[in-house]
Amino acid sequence: MKRILHYFCLVAAFAGMVTGAGSCDISTRQHRGDNYDPEYPDDPSRQGETVEESRDVTLKYGYGEYYGQWYNNNSDSYLIYLYEGATDSEGNFTGSAHELTLDVLLPKTGDLSIREGVYKCTDAAGQTQIFIPAYESKDENGEEYLDGSTLFIQKDSQHKAIYGITDGELIVKKTVTNLYEITARVVANGAEYNLYFKGRIDISDMTQGGQPEDIPKDVEMKDISRVVALDCGQVWEGIECTDYRDWILYFYDKDADATSEYTCVEILTEEKVKGSLPDMRLAKVVQVGNPQDFVPGVIIGGYTDEENIAWGTWYCKSGYAYYAATKGTLDIKRSGSDYTMTFDFVDEDETYGGTFKGSYTGPVEFKVDSGASNSARRSAGKFFGPRRGAAAAAHAPVRRSNRTMPKAK
């Protein structure tokens, strides 16, 4: 099976580090069953020390783990991790940091997503759409640790604490681009904290060992039910062309809410193209590292940025980026208010390569990347990939406007 690593398991997701899967575990991370490996040698919460820190916090990154019927037979259990703070090459926070761990219980569906709504902090029997307060548990060696929902606070490397959450409320919303907005009011260590998060949450299925699927070498998406065209504007630097507009097209499978199966295709058009797409056939795939090729009418091949996040043209499923386009075609034809779009791509990598194709006829949802700005640009002059192990994060378009690619040398 291809060793494509999941997004949250790449320490590159932790504020720009690039290292291997062995550094996935951080000291604040909750665990289930025999996987627990506590690393709190100087945890002040066990020494009576209090770490004073802001009680209004914006969290920047998130990921999750699905454990299925952990508490009872009629519910789905999730651990959701939301955090902020820089980390070192071992995945440990280096300075001021916060991590909110939510032990979420939902009605049994197995769809690897957190539903919208209001969540209360309770462990009352028979309730779902709740998050579990902290409780003492033991690892395989009999050592006690805090399970359930917790709040980790670090002032610096020598002053940190993990507090059990005893009360609170969550409000969960989802955007049209599958980003989560979570507002949390929690009580921990006798104080009330207000935390806010907006971003992508990739959820790994731990009931299957959290591993990627065996995807066939030749993929055909036969049930595309939705297409979103995201207008990203002029996000590139280091290219000669000034008459261009960057688009990402997302082709979602009918079961994408459960499977996260989609193809993303990044293209360049003339700058004047707004609100709709003209009839066109694109047959040239260009790669980051060749800025002279970035002109209207091209497809941008699959690549990864300096944080190992996947961009460009990829086939993705279950939170993994599998095939990065190196050649292929995209045909677009408009008929009234509908479009017919057909794509056919090849990943020529000898080890990981495959093909992916699909077609769609119907309406297209046109969106503008509200986070795009000329102050946060990417460079076409340096090629980072595709790195195998890249995350399927390209359909979280907010990332493309707040990541800065290195300038061309």
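## Exercises: strands, salt bridges and a buried arginine

In strand E26, the residue that Leu282 has as its bridge partner is Leu330. Elements here are DSSP runs numbered from the N terminus, with helices (H or I) of at least four residues and strands (E) of at least two. The model is predicted, so local features need pLDDT of at least 70 and side-chain atom pairs count only at pLDDT 80 or more, while totals for chains, interfaces and linings use all residues. Residue numbers start from 1 along each chain as its sequence is written, and side-chain values use heavy atoms, with hydrogens and water left out.

**Exercise 1. Work out the strand order of the open sheet that holds E26, and find its edges.**

Solution.
- Step 1: Start at Leu282 and Leu330. E19 and E26 (residues 327-335) are joined by 3 bridges and run antiparallel. That passes the pairing test, since DSSP has to find at least two bridges between two strands.
- Step 2: Go to the hairpin, where 6 residues link E27 to E28. These two strands run antiparallel with 9 bridges, and Asp347 sits opposite Gly354 of E28.
- Step 3: Add E14, which runs parallel to E28 through 4 bridges. Here Val219 is opposite Phe356 in E28.
- Step 4: Put it together: the 5 strands come in the order E14-E28-E27-E26-E19, and the pairing is mixed. E14 (218-221) and E19 (280-282) are the edges; each has a single partner strand, so one side of each has no neighbour in the sheet.
- Step 5: Check the twist: on average, neighbouring strands of this sheet are turned by 5° against each other, direction ignored. The angle is taken between lines fitted to C-alpha atoms (for helices, over the stretch in contact), on a scale from 0 to 180 degrees between N-to-C directions.

**Exercise 2. Sort the side chains of E28 by the face they point to.**

Solution.
- Step 1: Set the cut-offs: buried is under 20% relative accessible area, exposed is over 50%, and partly exposed is in between (1.4 Å probe, protein chains only).
- Step 2: Walk along E28: Gly354, Phe356, Gly358, Tyr360 and Gly362 share one face and are buried.
- Step 3: Take the residues in between: Thr355, Lys357, Ser359 and Thr361 point to the other face and are not buried.

**Exercise 3. Which parts of the chain does the salt bridge between Lys327 and Glu348 tie together, and how does the pair of Glu169 and Lys120 work out?**

Solution.
- Step 1: Fix the criterion: a side-chain nitrogen of Lys or Arg has to be within 4 Å of a carboxyl oxygen of Asp or Glu. The structure has 11 such salt bridges.
- Step 2: For Lys327 and Glu348, the N to O distance is 3.8 Å. Lys327 is in E26 and Glu348 is in the loop between E27 (338-347) and E28 (354-362), so the bridge ties parts 21 residues apart in sequence.
- Step 3: Check exposure: Lys327 is partly exposed at 43%, and Glu348 is partly exposed at 47%.
- Step 4: For Glu169 and Lys120, the N to O distance is 2.4 Å. Glu169 belongs to E10 and Lys120 to E5 (residues 117-121), so these parts are tied across 49 residues of sequence.
- Step 5: Glu169 is partly exposed at 22%, and Lys120 is partly exposed at 44%.

**Exercise 4. Is Arg245 buried or exposed, and what does Arg245 touch?**

Solution.
- Step 1: Arg245 has a relative accessibility of 9%, which counts as buried.
- Step 2: Find the salt bridge: the closest N and O atoms of Arg245 and Asp231 are 3.3 Å apart. Arg245 is in E17 (residues 245-253) and Asp231 in E15 (residues 224-233), so parts 14 residues apart in sequence are tied together. Asp231 is buried too, at 8%.
- Step 3: Look for a polar contact (N or O atoms within 3.5 Å, with a possible donor and acceptor within protein; residues adjacent in sequence count only if both atoms are side-chain atoms). The Arg245 side chain reaches the backbone oxygen of Glu271 at 2.8 Å.
- Step 4: List contacts (heavy atoms within 4.5 Å). Leaving out residues up to four places away in sequence, Arg245 touches residues including Ile267, Thr269, Glu270 and Val273.
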